Amino acid sequence: MKLVIFDLDGVIIDSRQIHFDALNKALKEIDEKYIITEEEQNTKFDGLPTNKKLELLTKLKGLPLQEYKKIWNRKQQLTFDILDRDIKPDYKLISLMEYLVDNEYNICVASNSIKSTIMKILEKTGIKKYIDLVVSNEDVKYPKPNPQMYLKCMEYFGVSPRETLIVEDSYVGRQAAYSSGAIVCPVKNASEVTLERIKG
């Protein structure tokens, strides 16, 4: 194994609820009928980037296209406010990253989030300095469930899928991970991201 790739939401940090709440607050400011329910989130929206969620809302609930930019900007502002206030250094995660660096693994984060959100979380959790490469939804043409961002990480380091371990939590993310041909470490949430699990 030469490369370990981490998803962000639900792996580095349990921020699904943060994104869910922030987007719904932004949607509510347009009209309450566009709010995403918990059931809809779990069955249709989980793991998708914000733009894909907005496109799905247009299909399912008639969200006007002209509202996308306003909602997207407001959602990012609300997300950043919550991250700044609530996210603290994660010493368990720092220890894990130190082990991987000491053992000469390359470390990537590949996420359907935008790059500024990823970098904010890496900085706030204290692991930014350990990450060799970050790939966001802005760096690829096709986000997850397409495997493009995972293949981009492998190509960058010149490693094969069988030399790569991907840590993923969501259904959409695992689809991308398995499609890449890499070894996959599925987790339910960030608390399961441990050295023992990765070594296993």
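This is a short walk through the structure shown above, from its sheet to its helices and a few special spots. Keep in mind as you look that the model is predicted.

Let us begin with the sheet. Strands in a sheet are held together through backbone hydrogen bonds, and they can pair in a parallel or an antiparallel way. Here, five strands make an open sheet with parallel pairing, and their order across it is β3-β2-β1-β4-β5. At the edges are β3 (133–135) and β5 (183–186), each of which pairs on one side only. If you look from one strand to the next, you will find a twist that averages 20°.

Now follow the strands one by one. Strand β1 (residues 3–6) runs parallel to strand β2 (residues 106–110), and four bridges join the two. One place to find on this border is phenylalanine 6, which stands opposite valine 109 in β2. On to the next border: β2 and β3 also run parallel, joined by three bridges. There, alanine 110 has valine 135 in β3 as its bridge partner. How enclosed is β2 by the rest of the structure? Largely so, because four of its five residues are buried.

Stay with β3 a little longer and pick out leucine 133, which lies in this strand. Its relative accessible area is 16%, and since buried means under 20%, leucine 133 counts as buried. Leucine 133 also shows how a fold brings separate parts of a chain together: 24 residues of sequence separate it from valine 109, while the C-alpha atoms of the two are 6.5 Å apart in space. Setting aside neighbours within four places in sequence, the contacts of leucine 133 are Ile107, Cys108, Val109, Cys153, Tyr156 and Phe157.

Two of those contacts lead us to the aromatic rings. A pair of such rings is described with two values, the distance of the centres and the angle of the planes. Searching the whole structure turns up one aromatic pair. In this pair, the ring centres of tyrosine 156 and phenylalanine 157 are 4.8 Å apart and the planes meet at 80°, so the arrangement is edge-to-face. Is tyrosine 156 buried or exposed? With a relative accessible area of 55%, tyrosine 156 is exposed.

Next come the cysteines. A disulfide is a covalent bond that links the sulfur atoms of two cysteines. How many disulfides does the structure hold? The number is zero. Cysteine 108 has the sulfur of cysteine 153 as its nearest cysteine sulfur, at 3.9 Å, and is in no disulfide; the cut-off for a disulfide is 2.5 Å between the sulfurs. Cysteine 108 is buried, with a relative accessible area of 0%. Cysteine 185 is in no disulfide either, and its nearest cysteine sulfur, that of cysteine 108, is 16 Å away. Cysteine 185 is buried too, at a relative accessible area of 8%.

Let us turn to the helices, with a rule to help. An α-helix has 3.6 residues a turn, so residues three or four places apart point the same way. Helix α1 (residues 16–30) has 15 residues, which at 1.5 Å a residue should span 21 Å; its end C-alpha atoms are 22 Å apart, so the two values agree. The buried residues of α1 include Ile18, Leu23 and Leu27. Those buried residues pack against α2 (38–45), α3 (50–61), α4 (68–86) and α6.

Helix α6 (residues 115–125) packs on the sheet, where it touches β2 and β3, and its direction makes about 140° with that of β3. Among its buried residues are Ile118, Ile121 and Leu122. The partners that the buried residues of α6 pack against are α1, α4, α5, β2 and β3. Just after α6 comes glycine 126, with a positive phi of about 90°.

Finally, visit two spots in the loops. Glutamate 104 is in the loop between α5 (91–102) and β2. Although glutamate 104 is not a glycine, it has a positive phi of about 65°, and at 71% relative accessibility it counts as exposed. The other spot is proline 145, in the loop between β3 and α7 (148–157). The peptide bond leading from lysine 144 to proline 145 is cis, with omega near 20°.

Technical notes: Residues numbered from 1 in each chain as written. Predicted model: local features only at pLDDT ≥ 70, side-chain atom pairs only at ≥ 80, totals over all residues. Heavy atoms only, no water. Pairing = 2+ DSSP bridges. Axes fitted to C-alpha atoms, helices over the stretch in contact; angles between N-to-C directions. Contact = heavy atoms within 4.5 Å. Buried < 20%, exposed > 50% of the residue type's maximum accessible area, 1.4 Å probe, protein only. Expected span 1.5 Å × (residues − 1). Phe/Tyr/Trp six-rings, centres within 6.5 Å; stacked < 30°, edge-to-face > 60°.
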